[in-house]
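Biologist: Please take a close look at one part of this model, the open sheet and the helices that lie across it. How is it put together, strand by strand?

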Amino acid sequence: MRQRILNHTSILLIISMVLTFTAAGAVMFHKGEMYMEQGVRDETAYIQIGIEEKGNSFLTDEVGKATESRITLLKEDGSVIYDSEKNEKKLENHSNRPEFIEAQKKGRSEMIRYSSTLSRQTFYCAVKLNSGDVLRVSRTMDSLPGTLASGFTLLGILVAVILVLELFLVQKQTEKIIEPINRIDLEHPLENVCYNELRPLLGRIDQQNRQIAAQMEELKNAENMRKEFSANVSHELKTPLMSISGYAELMMNHMVPADKVPEFSSRIYQESKRLSNLVADIIQLSRLDEAQGDVLFEEADLYELGQEVTGNLKEQAEKKQITLKFQGETAGVKGVRHVLYEMFYNITDNAIRYTPQGGKVTVSVGKRSGKPYFCVEDNGIGIPLNEQERIFERFYRVDKSHSRETGGTGLGLSIVKHGASLHNAKIHLDSEPGRGTKMEIIFR
């Protein structure tokens, strides 16, 4: 950064100095040119008066030495009578000179002739005298390019001196500019903003820091959930497997009386069924986790799904003498049919499991304010308010002591939560211990 500032400053400085020198030189040159031309005109007028009053004898060597201008007196035929710088006898005829020709015709002539060889220009002022002779006064000076070129040496010295000073000052100033930037705390960039110009950048850094912190927290939570899930899966799988293994070992070693064999066989069957349901739920959750954007949505009727769910759970409800009621109207949604079925089945199954014998479970479907919904209401044991946030966690049970009695895998409501997220639906829960539970899924 220091080098870039130095390079840019040096380039701007050199360009500024060259442009300033060129502009100033051009202005001064034109001013000097104007003064020189006016001086030559004045000299011409003075000499003209002297010759008109005293004749050609006015032009002496002293007159020629008294001015830097060159004085030349020409006859009507262009031959040189007098020249202040050279011997007039050795000079050629000037009849072809443009200023002489114009003065003969108009009585006066002014013009500038440029010598590319010498890079100099000469201003001529010629007047026709009463005698017919032509007086010419001229002065030579550097041209504009020549004048500027003659000052480049001085310009180069100035540039070198200023560049050295600039190098020192820019280094100091750059350090002062960069020092506050180097002191910025990137962990808390908005606490001390040294330059307002950096505020948008520091704001984005602060936003990214917050996003990274949130992501890290999410990753930490996800890792904790993964560990907890792994531990729960191991425990939940191990329990039925040990039961199956224990009962089977007793039967294999003929340690079970003949009249107890059906009971032990029934227990092995129930535990194997529990194990099968657990594996199926784990697979279902895994599919929902991994296939959020890779599923086929189709039109599904909530009324038909509700009829199917209540039909499949009717026998389970009758065993507990629970009144299972289904009501509602057709309500179409776009979704994954088998996932919707699993969601509705799990909600209804939970309601039956946690409703005491002789209770009531009502399943309702339809539309409210144009939004399809699926609702299950029971008069069961209810859920304490402080537990309602956690019932959708995997393997979480409100009453762990009765988990074996009620059955279930502890994954049903997790499947409901993931399914609702997949379908962009919301879950409303209204529950109170001893009063029952109302769980409703509302689709957009």
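Modeller: What follows goes through the sheet, then the helices on it, and ends with a few features elsewhere in the chain.

The model is a predicted one. Its open sheet has five strands in the order S7-S9-S10-S12-S11, and the pairing is mixed. The edges are taken by strand S7 (323-328) and strand S11 (426-432); each has a single partner strand, so one side of each is left without a neighbour in the sheet. From one strand to the next, the twist averages 10°.

Start at the S7 edge. S7 and S9 run parallel and are joined by six bridges. Within this pair, Lys325 has Thr362 in S9 as its bridge partner. The next step, from S9 to S10, is antiparallel, with eight bridges. Here Gly366 stands opposite Tyr373 in S10. S9 and S10 also form a hairpin, with two residues between the strands. In that turn, Ser369 has a positive phi of about 55°. On the other side of the hairpin pair, S10 (residues 371-378) meets strand S12 (residues 436-442), again in the antiparallel sense, over six bridges. Glu377 is placed opposite Lys438 of S12. S12 is followed in the sheet order by S11, the edge strand.

Two helices lie across these strands. Helix H8 (residues 302-319) lies across S7, strand S9 (360-368) and S10, and runs at about 175° to S7. Helix H9 (residues 337-353) lies across S7, S9, S10 and S12, and its direction is about 20° from that of S10. S7, S9 and S10 thus appear under H8, and they appear again under H9.

The helices also pack against each other. The angle between H8 and H9 is about 40°, and their axes are 9 Å apart. H8 and H9 are therefore oblique to each other. Their crossing is right-handed. On the H8 side, the contact is made by Leu302, Leu305, Glu308, Val309, Asn312, Leu313, Gln316 and Ala317. On the H9 side, the residues are Arg337, Leu340, Tyr341, Phe344, Tyr345, Thr348, Asp349, Ile352 and Arg353. By class, this contact has ten nonpolar, three polar and four charged residues.

Away from the sheet, there is another hairpin, made by S1 and S2 with five residues between them. Strand S1 (residues 70-74) and strand S2 (residues 80-83) pair in the antiparallel sense over three bridges. Leu73 has Tyr82 in S2 as its bridge partner. Gly78, in the turn, has a positive phi of about 95°.

As for charge pairs, side chains of opposite charge can pair when their charged atoms come close. A search of the whole structure finds 17 salt bridges. One is formed by the side chains of Glu99 and Arg136, at 2.6 Å from N to O. This pair links distant parts of the chain, with Glu99 in helix H3 (residues 98-106) and Arg136 in strand S5 (residues 134-142), 37 residues apart.

Key. Residues numbered from 1 in each chain as written. Predicted model: local features only at pLDDT ≥ 70, side-chain atom pairs only at ≥ 80, totals over all residues. Heavy atoms only, no water. Pairing = 2+ DSSP bridges. Helix = DSSP H or I, 4+ residues; strand = E, 2+ residues; numbered from the N terminus. Axes fitted to C-alpha atoms, helices over the stretch in contact; angles between N-to-C directions. Contact = heavy atoms within 4.5 Å. Parallel < 35°, antiparallel > 145°, perpendicular 65-115°, else oblique. Left-handed = near helix turned anticlockwise from the far one by under 90°. Nonpolar A, V, L, I, M, F, W, Y, C, P; charged D, E, K, R; others polar. Salt bridge = Lys/Arg side-chain N within 4 Å of Asp/Glu carboxyl O.
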